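User: Please take a close look at one part of this protein for me. I would like to see the surroundings of the ligand, and then how the rest of the chain is built.

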Amino acid sequence: MRTILMPVSEILRIKMNNKALTTSNLIFSYNRSITFGFPDIDCAPGNHCIIMGPSGCGKTTFLHLIAGLLKPDSGEVIIQGIDTVRLHSGEADRFRGKNIGIIYQKPHFIQWLTAFENLQIARYLNNLATENEDINHLLRSLNLEDKAKSKPSQMSQGELQRLSIARAVINKPALILADEPTSSLDDKNCTEALNLLKRQAEELQASLVIATHDKRLLDHFPNRIFL
Ligand SMILES: Nc1ncnc2c1ncn2[C@@H]1O[C@H](COP(=O)(O)OP(=O)(O)OP(=O)(O)O)[C@@H](O)[C@H]1O
């Protein structure tokens with residue numbers, strides 16, 4: 001019989017649970033004057049949850065800690081059984097690219113590329129083959145088919161929001177994080193963006209975490225965390 005020895009660091013990193021995302025005892029400070037202590041999250045695969053709170057309470061900070069874009073002073077973020085806080089920066093970037101789709105508060109796209117090319121490059125940067133038919137399918141399902149050749153500057157706010165959703169799901173992540181995905185949209189576009197986001201998450205069986213102060217979303221999410 002062959003025994004496989006696993007480095008201690010690897011054993012520490014792998015937490016055996018079947019949750020898509022759990023956080024515990026997260027503490028973070030930008031500087032010593034403000035310290036944030038965040039409530040624990042427990043989100044099963046395919047579940048949706050919402051982080052609510054007023055402007056400035058730390059919602060973006062919390063999402064960035066979950067995404068591994070910021071390192072906490074202490075605490076754990078377990079995604080797909082991996083304690084991502086312990087990953088080194090290169091590993092964390094690779095993990096994020098493979099497992100997490102992020103919709104940022106301010107959508108930023110490469111301005112000289114078209115909508116289609118912005119999605120292509122998101123796959124390319126994660127060493128994934130650029131399957132043009134997958135991209136076309138996604139653009140169709142987000143009602144952006146006729147914008148495939150448009151540059152971001154030629155698209156409306158609602159269209160850019162839908163393109164952000166497309167970019168977040170193009171690599172088929174297990175976890176989708178969305179920062180204020182609807183707050184700048186009118187009621188019609190808000191409902192449309194929310195439904196698209198939920199439908200995309202359901203198609204991928206991905207967990208969805210939305211951070212927002214948009215109270216219109218509250219009724220859609222029984223799993224709520226208030227900051
Ligand atoms: N890079 C930074 N350096 C220092 N302080 C920061 C930094 N980024 C954010 N902050 C501060 O941390 C606090 C929380 O910011 P954060 O963006 O997480 O809040 P938020 O709840 O997402 O706000 P909003 O709803 O307005 O987007 C704010 O007081 C903000 O000024």
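Analyst: Start with the shell around the ligand. By class, this shell has two nonpolar, eight polar and one charged residues. Keep in mind that the model is predicted. Which residues are they? Tyr-30, Gly-53, Ser-55, Gly-56, Cys-57, Gly-58, Lys-59, Thr-60, Thr-61, Gln-105 and His-213 surround the ligand. Helix α2, residues 59-67, gives the most to this shell, with three residues.

Now step back to the whole protein. Its secondary structure comes to seven helices and ten strands. Of its 227 residues, 33% are buried. Look next at contacts with a separation of 6 or more. Residues 24 or more positions apart account for 72% of them.

Next comes the interior. In soluble globular proteins, nonpolar side chains tend to be buried together. Here the largest nonpolar core has 51 residues. Leu-21, Ile-66, Ala-166, Leu-175, Ile-176, Leu-177 and Val-209 touch the most other members. Helix α6, residues 157-169, gives the most to this core, with six residues.

Take Leu-21 as a closer example. Leave out residues up to four places away in sequence, and Leu-21 touches Ile-41, Cys-43, Ile-66, Ile-79, Leu-175, Ser-207 and Val-209.

Helix α5 shows two faces. This helix spans residues 132-141, and Ile-135, Leu-138 and Leu-139 in it are buried. Why do these residues share a side of α5? They cover an arc of only 100° around the axis, so they lie on the same side of the helix. The face turned away from that buried side carries the exposed residues Glu-133, His-137 and Arg-140. What covers the buried residues of α5? The cover includes α4, residues 115-124, and α6. Recall that α6 is also the helix that gives the most to the largest nonpolar core. After α5 comes Asn-143, whose phi is positive, near 60°.

Finish with a loop. Pro-39 is found between β2 (34-37) and β3 (41-43). Is Pro-39 buried, partly exposed or exposed? A buried residue needs 20 or more other C-beta atoms within 10 Å, and an exposed one has 12 or fewer. Pro-39 has 13 such neighbours inside 10 Å, so it counts as partly exposed. Compare its position with that of Gln-200. The two are 161 residues apart in sequence, and their C-alpha atoms are 27 Å apart in space.

Notes: Residues numbered from 1 in each chain as written. Predicted model: local features only at pLDDT ≥ 70, side-chain atom pairs only at ≥ 80, totals over all residues. Near = placed C-beta within 6 Å. Helix = DSSP H or I, 4+ residues; strand = E, 2+ residues; numbered from the N terminus. Nonpolar A, V, L, I, M, F, W, Y, C, P; charged D, E, K, R; others polar. Contact = placed C-beta atoms within 7 Å. Core = buried A, V, L, I, M, F, W, Y, C linked by C-beta atoms within 7 Å. Arc of directions from axis to C-beta.
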